[in-house]
Amino acid sequence: MSAILNKEIRVEEEERPGCMLVQTMTSLTQRNSGLVQRRTEASRSAAAADKEKSPGEDEYESRRGEEEEEDKGDSKETRLTLMEEVLLLGLKDREGYTSFWNDCISSGLRGCMLIELALRGRLQLEASGMRRKSLLTRKVICKSDAPTGDMLLDEALKHVKETQPPETVQSWVELLSGETWNPLKLHYQLRNVRERLAKNLVEKGVLTTEKQNFLLFDMTTHPLTNNTVKQRLVRKVQEAVLEKWVNDPQRMDKRILALLFLAHSSDVLENAFAPLLDDQYDLAMKRVRMLLDLEPEAEAAKSGANELLWAVVAAFTK
């Protein structure tokens, strides 16, 4: 009996390492399975988040990614909005203010805000319907009320979202500029837009702040301090109608297209073309006139076009 017990004990001792190995392998398999499951869940969550993004946001992020590739040597703070680009083109480098005779830039900056919000997927035009309403009669509606991170844009977006019934593009340009005879709508006016944009550019290291005396009063001015950013902007505008001209607005970058139209409407486009040679200047202006002669209704009807962009163009060119 004792011999049989000793034999069983030896058998158990021989089998025990094998059992421990099986248990260890089972534990590792379970861990790997859990890890794979967690990775799968994370992938599904990321895919769901991507599906929730609107086409406008995807386009905006794609364009920002392209800009990062082009401007690898620049900091994030020097990426400008459409409003900041138009204002920067209009500012005198040393004096730090726009021309006193320029009465177009105020409404032009409001047009920039509408297009900027459209490019970011926040605003769009209502459906044209069976009767095919024109761009200038269609209302602007809020597509997404997600914050943009820009106070001016968020303020304009809030006005559009809370206004019922909705207004047209032309009405919004006038309301945001304060050009209305209706005292009940004066609260829509965005005040001190140029000063607020200039302060944004100061924070981004493009401008600085000074005080200048103009005999009867003192005025805050914002001279240029980072010439590299402005030169890059001027070069981008020039190249759009010279070296990189594609002769088809649908193939042009929407932001560049909007910048050309609104810089012209704000009477600051000439500032970008001033350094050009005579032949280059004539060619650039000829191509700008080609863009201005386009029919917004026809362009907006094409595949991939941003209807609100062309509605703003129609409001300023017709």
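**Exercise 1. Explain why Ser128 counts as buried, and describe its surroundings**.

Step 1. Ser128 has a relative accessibility of 12% and therefore counts as buried, since buried means under 20% relative accessible area, exposed over 50% and partly exposed in between (1.4 Å probe, protein chains only). The model is predicted: local features need pLDDT of at least 70, side-chain atom pairs count only at pLDDT 80 or more, and totals for chains, interfaces and linings use all residues. Residues are numbered from 1 along each chain as its sequence is written, and side-chain values use heavy atoms, with hydrogens and water left out.

Step 2. Ser128 is placed in the loop between strand E1 (123–125) and strand E2 (140–142). Helices (H or I, at least four residues) and strands (E, at least two) are DSSP runs, numbered from the N terminus.

Step 3. The side chains of Ser128 and Arg132 make a polar contact of 3.0 Å. A polar contact is a pair of N or O atoms within 3.5 Å; within protein, one must be able to donate a hydrogen and the other to accept it, and residues adjacent in sequence count only if both atoms are side-chain atoms.

Step 4. When neighbours within four places in sequence are left aside, Ser128 is in contact with Lys133 and Arg138; contact means heavy atoms within 4.5 Å.

**Exercise 2. Locate Leu82 and Glu116, and state how each is connected**.

Step 1. Leu82 belongs to helix H3 (residues 82–90). Its relative accessibility is 0%, so Leu82 counts as buried.

Step 2. Not counting residues up to four places away in sequence, Leu82 touches Cys112, Ile115, Glu116, Leu119, Arg255, Ala258 and Leu259. For Leu82 and Ala258, the C-alpha atoms are separated by 8.1 Å, although the residues are 176 apart along the chain.

Step 3. Glu116, one of the residues that Leu82 touches, lies in helix H4 (residues 105–119). Glu116 counts as buried because its relative accessibility is 0%. Its side chain is joined to that of Arg120 by a polar contact of 3.0 Å.

**Exercise 3. Determine where Val241 lies and which residues it contacts**.

Step 1. Val241 is part of helix H8 (residues 227–241). With 0% relative accessibility, Val241 counts as buried.

Step 2. Apart from neighbours within four places in sequence, Val241 contacts Leu260, Phe273, Ala284, Arg287 and Val288. The C-alpha atoms of Val241 and Val288 are separated by 7.3 Å, and these residues are 47 apart along the chain.

**Exercise 4. How many aromatic pairs does a search of the whole structure find****?**

Step 1. The search finds 3 aromatic pairs. Rings of Phe, Tyr and Trp (its six-membered ring) pair if their centres lie within 6.5 Å; planes under 30 degrees apart count as stacked, over 60 as edge-to-face and the rest as tilted.

Step 2. One of these is the stacked pair of Tyr97 and Phe100, with 5.2 Å centre to centre and 25° between the planes. Tyr97 counts as buried at 14% relative accessibility, whereas Phe100 counts as exposed at 55%.

Step 3. Trp172 and Tyr188 form an edge-to-face pair, with 5.4 Å centre to centre and 85° between the planes. This pair links distant parts of the chain: Trp172 is in helix H6 (residues 169–177) and Tyr188 in the loop between H6 and helix H7 (193–203), 16 residues apart. Trp172 is buried at 1% relative accessibility, and Tyr188 is buried with a relative accessible area of 11%.

**Exercise 5. Identify the backbone features at Pro165, Asn192 and Asn247**.

Step 1. Gln164 and Pro165 are joined by a cis peptide bond, with omega about -5°. Pro165 lies in the loop between helix H5 (151–162) and H6.

Step 2. Asn192 is not a glycine, yet it has a positive phi of about 55°. Asn192 is found in the loop between H6 and H7 and is exposed, with a relative accessible area of 58%.

Step 3. Asn247, also not a glycine, has a positive phi of about 60°. Asn247 is placed in the loop between H8 and H9 and counts as exposed at 52% relative accessibility.
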